[in-house]
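Colleague: I am new to this and would like to learn how to read a protein model, feature by feature. Please start with a single residue and build up from there.

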Amino acid sequence: MESFKEALENPDKSELLDKPLLRNLLSFKKSFLNDNEVFSIKNEGSIEGLTLLKSDFKKIQITETEIPSPEPVVVNGRIEELKYSTQKVKILTEEGLVDAFLSEDFNPQDIIPWWGKNATVTGIMHYKPGKRFSIEIERIFEQESGDDFFSKRPKHENLEEQINRQIAEGKDLNPLKFIVGTWPGEESDEEFDALLKSLD
């Protein structure tokens with residue numbers, strides 16, 4: 001219920017929401033048989049009630065679409081803060097603090113010796129609404145030469161920003177439009193292969 005409320009009311013500030021959770025919320029849409037149904041949950045005052053309409057899922061779907069999928073990441077920086085009770089970590093990189101948390105397979109005792117020290121962390125970057133993210137730490141190890149390449153704070157672009165950047169770089173929105181309706185033509189197989197490669 002809390003996840004639904006955050007997804008509908010204030011997704012950009014939510015600490016709960018990420019792409020996998022939003023996909024789980026979207027799967028609940030199958031419970032509606034038609035557009036006019038209302039789904040209501042109440043519990044005699046102990047929790048605030050929740051009412052869902054089928055149309056509410058459009059907002060959730062837009063938020064889910066704008067968030068990139070989780071991806072592997074390497075980050076280098078100082079282990080600045082440990083919250084042992086919640087297994088949360090902050091890593092200080094050259095460009096600022098990065099929020100992180102320990103994966104289920106990571107023994108919390110193993111990160112304690114790293115507090116206040118520089119380290120290289122590998123794991124999964126989980127994006128959140130509002131261009132935020134958190135890193136799920138899978139491994140931590142001593143910095144090696146060249147690891148400072150990874151010391152910048154990771155960034156991500158939403159779908160609209162990716163399209164705008166690609167257009168600015170001279171990429172067309174749909175490069176296939178250059179060959180639709182013009183093929184097959186008189187070109188040889190080799191010329192056609194070269195044409196396809198030029199569209200990348």
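**Reading the model step by step**

Colleague: Does Phe57 count as buried or exposed?

Modeller: Phe57 has a relative accessibility of 1%. Buried means under 20% relative accessible area, so Phe57 counts as buried. Keep in mind throughout that this is a predicted model.

Colleague: How much of the chain is buried?

Modeller: Of the 200 residues in the chain, 32% are buried. The chain exposes about 13,400 Å², and 50% of that comes from carbon and sulfur atoms.

Colleague: How many helices and strands does the chain have, and in what pattern?

Modeller: The chain has 5 helices and 7 strands. Along the sequence the pattern runs α-α-β-β-α-β-β-β-β-β-α-α. Contacts can also link parts that are far apart in sequence: of those between residues at least 6 apart, 60% join residues at least 24 apart.

Colleague: How do I read one helix? Which residues of helix 3 are buried?

Modeller: The general idea is that an α-helix has 3.6 residues a turn, so residues three or four places apart point the same way. Now the case here. Helix 3 covers residues 56-66, and its buried residues are Asp56, Phe57, Ile60, Thr63 and Glu64. These buried residues lie on the same side of helix 3, because they cover an arc of only 120° around the axis.

Colleague: Which exposed residues does the face turned away from that buried side carry?

Modeller: Lys58 and Ile62 are the exposed residues on that face of helix 3.

Colleague: What about the core? Which residues have the most contacts inside it?

Modeller: In soluble globular proteins, nonpolar side chains tend to be buried together. In this model the largest nonpolar core has 32 residues. Those with the most contacts inside that core are Ile60, Ile79, Val89, Ile91, Ile111, Ile137 and Ile140. Ile60 also appears among the buried residues of helix 3.

Colleague: What does Ile79 touch?

Modeller: Leaving aside residues up to four places away in sequence, Ile79 touches ten or so listed neighbours, including Val89, Ile91, Trp114, Trp115, Val121 and Ile140.

Colleague: Next, the rings. How many aromatic pairs are there?

Modeller: The structure holds 4 aromatic pairs. One of them joins Phe4 and Phe57, with 6.1 Å centre to centre and 85° between the planes, an edge-to-face pair. Phe4 lies in helix 1 (residues 2-9) and Phe57 in helix 3, so the pair ties together parts that are 53 residues apart in sequence. Phe4 is buried, with a relative accessible area of 9%.

Colleague: Why is the pair of Phe28 and Phe39 edge-to-face?

Modeller: The ring planes of Phe28 and Phe39 stand at 85°, with the centres 4.9 Å apart, so the pair is edge-to-face. Planes over 60 degrees apart are what that term requires. Phe28 lies in the loop between helix 2 (19-27) and strand 1 (38-43), whereas Phe39 is in strand 1, so this pair ties together parts 11 residues apart in sequence. Phe28 is partly exposed at 24% relative accessibility, and Phe39 is partly exposed at 31%. Phe4, Phe28, Phe32, Phe39 and Phe57 form one aromatic cluster.

Colleague: How do I read charged side chains? How many salt bridges does a search find?

Modeller: Side chains of opposite charge can pair when their charged atoms come close. A search of the whole structure finds 6 salt bridges. In one of them Glu64 meets Lys19, at 3.3 Å from N to O. Glu64 lies in helix 3 and Lys19 in helix 2, so the pair ties together parts that are 45 residues apart in sequence.

Colleague: Are Glu64 and Lys19 buried or exposed?

Modeller: Both Glu64 and Lys19 are buried.

Colleague: Which residue forms a salt bridge with Glu80, and which with Lys83?

Modeller: Glu80 pairs with Arg78, the closest N and O atoms being 2.8 Å apart. Glu80 is partly exposed at 31%, and Arg78 is partly exposed at 32%. Lys83 pairs with Glu81, where the closest N and O atoms are 3.7 Å apart. Lys83 is partly exposed at 42%, as is Glu81 at 27%. Salt bridges that share partners also join Lys19, Arg23 and Glu64 into one network.

Technical notes:
Residues are numbered from 1 along each chain as its sequence is written. This is a predicted model: local features need pLDDT of at least 70, side-chain atom pairs count only at pLDDT 80 or more; totals for chains, interfaces and linings use all residues. Side-chain values use heavy atoms; hydrogens and water are left out. Helices (H or I, at least four residues) and strands (E, at least two) are DSSP runs, numbered from the N terminus. Buried means under 20% relative accessible area, exposed over 50%, partly exposed in between (1.4 Å probe, protein chains only). Contact means heavy atoms within 4.5 Å. Accessible areas come from the Shrake-Rupley method with a 1.4 Å probe; for residues, only the protein chains shown count as cover. The arc is that of the directions from the helix axis to the C-beta atoms. A nonpolar core is a set of buried Ala, Val, Leu, Ile, Met, Phe, Trp, Tyr and Cys residues joined through side-chain atoms within 4.5 Å. Rings of Phe, Tyr and Trp (its six-membered ring) pair if their centres lie within 6.5 Å; planes under 30 degrees apart count as stacked, over 60 as edge-to-face and the rest as tilted. A salt bridge is a side-chain nitrogen of Lys or Arg within 4 Å of a carboxyl oxygen of Asp or Glu.
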